[in-house]
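Work through the following exercises with the sequence and the 3D structure at hand. Each task is followed by a solution that goes step by step.

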Amino acid sequence: RKGKKQTMEIAWRDRSVAQACDGPGSLVFTQTVMRDGKSTEVPVATAEIPEGMTRVLLVFGRNTTRGPGTMPYRVTVIDDSYAVFPGQSVRFINHSTVELAGSLGEQVFTVVPGRDQVVPATLSAGGQLLSLRLARRDAAGGWRKLRSTMLPMAAGQRVLVFLIDNLQRPGNPELVLLRDQVEPVTTPPTGSLAGTIGLRVNLGVR
């Protein structure tokens, strides 16, 4: 919040608990370090919240560029609103250097480097597993199978899939999944379907 410090825990490869924000503007993240026997707040990252975004996801990564005034972490700001990323869908964000294509259940998609693609998830009655197949464009312009797996998913849930370069296996991007944690509630409010952990959003009133 503007002009106020707030302590938070940033999860590793998972969604943290949602935090309220007063609106667009700059956020400065600091870390407590010991210097000369005293605890000091040191800026480690900044993020700029654009106008018009009502829900954002901040993704932290180590800053590989080092120099005077460079902070140790970089922050990617992603529009996480339900208008952009609806419930019961999978969003693929391609941060790799290769073009990718695949299928989620019966839905076919492609996603080029630097872009994202939202794919609806059609669950069968009582089903909570979706087949996910990925392929990458090779140097000759054809497609090469990357991986095939089953993706666990609950009704109404959103799964965000980051596709990033794997330095140990060039050309074979790594998948990092961030999912909404959906649980049934014992006594839901009128008109609601379920509660969520972390996002603090009621699925029935979006």
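**Exercise 1.** In this predicted model, find how many bridges join β1 to strand β2, and in which sense the two strands run.

*Solution.* Begin with the pairing itself: β1 and strand β2, which covers residues 38–49, are joined by 11 bridges and run antiparallel. Next, look along the pair for one particular position, where Phe29 stands opposite Ala45 in β2. Finally, turn to the hairpin that these strands make, in which 2 residues lie between the strands and Asp36 takes a positive phi near 55°. As background, the strands of a sheet pair through backbone hydrogen bonds, and they may do so in parallel or antiparallel fashion.

**Exercise 2.** Determine how many aromatic pairs a search of the whole structure finds, and classify the pair of Phe29 and Phe60 from its geometry.

*Solution.* The search of the whole structure finds 2 aromatic pairs. For Phe29 and Phe60, the ring centres are 5.0 Å apart and the planes stand at 85°. Since planes over 60 degrees apart count as edge-to-face, the angle of 85° makes this pair edge-to-face. Now place the residues in the chain: Phe29 belongs to strand β1 (residues 25–35) and Phe60 to strand β3 (residues 56–62), so that the pair links distant parts of the chain, 31 residues apart. As a last step, compare each accessibility with the cut-offs, where buried means under 20% and partly exposed lies between that value and 50%. Phe29, with a relative accessible area of 12%, is therefore buried, whereas Phe60, at 27%, counts as partly exposed.

**Exercise 3.** Decide whether the aromatic pair of Phe92 and Phe109 is stacked or edge-to-face, and state which strands it links.

*Solution.* The two rings lie 4.3 Å centre to centre with 15° between the planes, and this pair is stacked. Phe92 lies in strand β5 (residues 89–94) and Phe109 in strand β7 (residues 107–111), 17 residues apart, and their pair links distant parts of the chain. Phe92 and Phe109 are both buried.

**Exercise 4.** Describe the open sheet that contains β9, giving the order of its strands and its edges.

*Solution.* This open sheet has 4 strands in the order β7-β6-β9-β10, and its pairing is antiparallel. Its edge strands are β7 and β10 (143–152), each of which pairs on one side only. Neighbouring strands of the sheet are turned against each other by 20° on average, direction ignored. Looking at one of the pairings, strand β9 (residues 129–137) and β10 are held in the antiparallel sense over 9 bridges, and the bridge partner of Arg133 is Ser148 in β10.

**Exercise 5.** Identify the residues with the most contacts inside the largest nonpolar core, and say which strands supply it.

*Solution.* The largest nonpolar core has 20 residues, and those with the most contacts inside it are Val90, Phe92, Leu104, Phe109, Met153, Val161 and Leu163. At least two residues of this core come from each of β5, β6 (100–104), β7, β9, β10 and β11 (158–164). Take Val161 as an example: leaving aside its neighbours within four places in sequence, Val161 is in contact with residues including Val90, Phe92 and Leu175. Another core, of 8 residues, lies apart from the largest one, and among its members are Phe85, Ile93, Leu160 and Phe162. In soluble globular proteins, nonpolar side chains tend to be buried together.

Methods. Residues numbered from 1 in each chain as written. Predicted model: local features only at pLDDT ≥ 70, side-chain atom pairs only at ≥ 80, totals over all residues. Heavy atoms only, no water. Phe/Tyr/Trp six-rings, centres within 6.5 Å; stacked < 30°, edge-to-face > 60°. Buried < 20%, exposed > 50% of the residue type's maximum accessible area, 1.4 Å probe, protein only. Pairing = 2+ DSSP bridges. Axes fitted to C-alpha atoms, helices over the stretch in contact; angles between N-to-C directions. Core = buried A, V, L, I, M, F, W, Y, C linked by side-chain atoms within 4.5 Å. Contact = heavy atoms within 4.5 Å.
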